[in-house]
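Please open the structure in your viewer and keep the selection tool at hand, as this tour moves from one charged side chain to the next.

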Amino acid sequence: MQPAQPVEQPAPAPPADPAADREAAPEPTPTPPDTCDNCVALTFDDGPNEQTARLLGILAENNVKATFFVVGALVDTNPNLVRQMRDAGHTVGNHTYSHPKLPMVSSAGIAYQLDTTNRAIERAIGETPRWMRPPYGEYDARVVETSKQRGMAIAMWDDDTLDWKHRNPEETCRRAVDQAHPGAIILMHDIHAPTVDAVPCVIDGLRAKGLRPVSLDKMIPDAEPGRVYAQRP
Ligand code: NI
């Protein structure tokens, strides 16, 4: 068998004019990875009620995603509001069915509080929450274990506005913004009108500090079931 004739190589193309090349096919600007380094999480507890609808409008106007820790009994009363939360891209979390102090409840009662709320949320939006927040921030090892078994992480907070106590929009805004830092979880309650009144100021103030309000699912996408995030200071 004859060795194959060497194939004549085509002449190499002349070096392209780099400027012309750039013009023909511009290098795509690489998108930097979204590390969420400046993210903070706005969280709203104890709804949904009629104030929640107004808040959803304010969040949409400002293009902000937040997190709602909903009470199961109110989910059953207002499933449409929970659907609106989901449709707008907010995170929906479990805040128990009837808002008891969980350390005072039997182990079966803790499971009941979490399960009935998860079922109410599933009925409303077809999804199971990945987050829970214990009412009053009170939890024990049973609450942690019961949440873990149900695939939920526990969200505490490290920026308390005390909005429920003073019911003052200026004070809610000042506390939320002054205590905010990258990675902070900010606690508010969407059932109070003065809190909802404060939200545009909170968003503007956070952005002025270079912070980006996002949902918990955005800030902590790989939340570990049974882990407690953001202890109170
Ligand atoms: Ni609560």
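## A tour of the salt bridges

Begin by selecting glutamate 224, which has a relative accessibility of 43% and so counts as partly exposed. Keep in mind, as you look at this side chain, that the model is predicted. Now add arginine 227 to the selection, and you will find that this residue and glutamate 224 form a salt bridge, with the closest N and O atoms 3.6 Å apart. Arginine 227 is likewise partly exposed, its relative accessible area being 42%.

Next, select arginine 54 together with aspartate 197, whose side chains meet in a salt bridge at 3.0 Å from N to O. This pair links distant parts of the chain, 143 residues apart, since arginine 54 belongs to helix α2 (residues 50-61) and aspartate 197 to helix α9 (residues 193-208). Arginine 54 is partly exposed at 35% relative accessibility, and aspartate 197 is partly exposed too, with a relative accessible area of 41%.

Then move on to arginine 86 and aspartate 87, which form a salt bridge whose closest N and O atoms are 2.9 Å apart. Is aspartate 87 buried or exposed? Its relative accessibility is 57%, and because exposed means over 50%, aspartate 87 counts as exposed. Arginine 86, with a relative accessible area of 27%, is partly exposed.

For the last stop, select Glu171, Arg174, Arg175 and Asp178 together, as these residues are linked in a network of salt bridges. If you would like to continue by yourself, the count for this model comes to 13 salt bridges.

Note on methods:
Residues are numbered from 1 along each chain as its sequence is written. This is a predicted model: local features need pLDDT of at least 70, side-chain atom pairs count only at pLDDT 80 or more; totals for chains, interfaces and linings use all residues. Side-chain values use heavy atoms; hydrogens and water are left out. A salt bridge is a side-chain nitrogen of Lys or Arg within 4 Å of a carboxyl oxygen of Asp or Glu. Helices (H or I, at least four residues) and strands (E, at least two) are DSSP runs, numbered from the N terminus. Buried means under 20% relative accessible area, exposed over 50%, partly exposed in between (1.4 Å probe, protein chains only).
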